[in-house]
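Please find below a short note on the structure under review. Comments are arranged as numbered points.

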Amino acid sequence: MALRRNFHIIVNPAAGRRNRTLLDRVVERLRASGSDVTVELTQAAGHATALARAAARRGEADVIVAAGGDGTINEVARGLLGQGVPLGILPLGTANVLAVEIGLRPRAEEISSMLLGGPAELIGTGLVDGEIFLLMAGIGFDGVVVHGIDPRLKRLWGKGAFVWSGLKAWAAGPGRDIRLVADGREKRAAWAIVTNARNYAGPFILAPDQNITQPGLTLFLLHDASRFGFVRFLVALALGRVGKLRSVEVLPVRRVDVTDPAGLEVEVDGDARGHLPQSIEQGTQFLRLVVPA
């Protein structure tokens, strides 16, 4: 495959100084290869979608790169659906789940090599109320955690901000009486996660049989609403054994309508995404994603 020569990089400026160094090194390597590199900064939530869509329509870039966390990648992906130009990623976030999913380490030489010559593979998508997601949608505990994060603490502490918010949510009582309909079947749970990916919250394996390059979603329902039940779930997640828990129900799904409790927090790809009720379904469009060779 011939090397790509034109890159449009959309950057979340909230990335820290250390991550900015990684960005600068990747840009230097791309330009040293003879490539043209355009860098744009986002100004607000949702801005990355508009920037990506405009760049794709101009037709000048071989790859449009999302430089930020999984939330920024999600925004850029929304702008590229149906556009044809592939998405590249430059992981600058806290968890970087998509980077882990495709085996990309946060090293300038690996990222620039992938962007220049890595294949562009089709990946499946999901939808939350019509807006795509690439990784997961969480209803309940992780939604409460993500909504409760102080952006200033996130910039200062990184993953520590998630841990602190998680401890507060757990101490308050993590379980919720969630009511949903999964492909026509009525279900209840203390916590629900719909995933399009194998990994969750970074390197942790939630769905070992899931493959982001294949269409299909998996629903995880935790039925134990106790604090100990949530601790057991998180320990099993660390060990890659969530599916072995008796308190967890695992279902392949095409559509999940989550109705109650109204107002409960939802997170999508690691970012806050509103409140219940919401509908989650398998996406009908694929996205081209540049991956390591």
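The points that follow take up a sheet, an aromatic cluster, a helix and two individual residues.

1. Status of the model. The coordinates discussed here are those of a predicted model. Residue numbers count from 1 along each chain as its sequence is written.

2. The sheet. An open sheet is formed by 6 strands, arranged in the order S15-S14-S11-S8-S17-S18, and their pairing is antiparallel. Its edges are strand S15, covering 248-253, and strand S18, covering 271-275; each of these pairs on one side only. From one strand to the next, the twist averages 20°.

3. The S14-S15 pairing and the helix on the sheet. Strand S14, residues 217-222, runs antiparallel to S15 and is joined to it by 6 bridges. Within this pairing, Leu217 has Val253 of S15 as its bridge partner. Helix H9 (residues 227-239) packs on the sheet, where it touches S14, S15 and strand S11 (191-195). The direction of H9 makes about 25° with that of S11.

4. Aromatic pairs: Phe141 and Trp191. Over the whole structure, a search returns 4 aromatic pairs. In one of them, the ring centres of Phe141 and Trp191 are 5.2 Å apart; the planes stand at 70°, which is over the 60 degrees required, so the pair is classed as edge-to-face. Because Phe141 belongs to helix H6 (residues 141-147) and Trp191 to strand S11, this pair ties together parts that are 50 residues apart in sequence. Phe141 is buried at a relative accessible area of 7%, and Trp191 is buried as well, at 2%.

5. Aromatic pairs: Trp191 and Phe233. Which geometry do the rings of Trp191 and Phe233 adopt? Their centres are 4.8 Å apart and their planes lie at 50°, so the pair is tilted. Since Trp191 lies in strand S11 and Phe233 in helix H9, parts 42 residues apart in sequence are tied together by this pair. Trp191 and Phe233 are both buried. Ring pairs link these two residues with Phe141 and Phe230 into a cluster. The contact of helix H9 with strand S11 noted under point 3 thus has an aromatic pair to go with it, formed by Trp191 of S11 and Phe233 of H9.

6. Helix H3. This helix spans residues 70-80 and is mostly covered, with 10 of its 11 residues buried. Among the buried residues are Asp70, Asn74 and Glu75, together with Ile73, Val76 and Leu80. Just after H3, Gly82 has a positive phi of about 75°.

7. Asn74. What surrounds Asn74, a residue of helix H3? Its relative accessibility is 3%, so Asn74 counts as buried. The side chain of Asn74 makes a polar contact of 2.9 Å with the side chain of Arg78. Apart from neighbours within four places in sequence, Asn74 is in contact with Ile132, Phe133 and Leu134, and also with Val268, Asp269 and Arg273. Of these partners, Arg273 falls within the range 271-275 of the edge strand S18.

8. Thr38. Strand S2 (residues 36-41) contains Thr38. Is this residue buried or partly exposed? With a relative accessibility of 40%, Thr38 counts as partly exposed. Thr38 and His8 are separated by 30 residues in sequence, yet their C-alpha atoms are 4.8 Å apart. Residues up to four places away in sequence being left aside, Thr38 touches Phe7, His8 and Ile9.

Technical notes
Predicted model: local features only at pLDDT ≥ 70, side-chain atom pairs only at ≥ 80, totals over all residues. Heavy atoms only, no water. Pairing = 2+ DSSP bridges. Helix = DSSP H or I, 4+ residues; strand = E, 2+ residues; numbered from the N terminus. Axes fitted to C-alpha atoms, helices over the stretch in contact; angles between N-to-C directions. Contact = heavy atoms within 4.5 Å. Phe/Tyr/Trp six-rings, centres within 6.5 Å; stacked < 30°, edge-to-face > 60°. Buried < 20%, exposed > 50% of the residue type's maximum accessible area, 1.4 Å probe, protein only. Polar contact = N/O pair within 3.5 Å; in protein donor to acceptor, adjacent residues only side chain to side chain.
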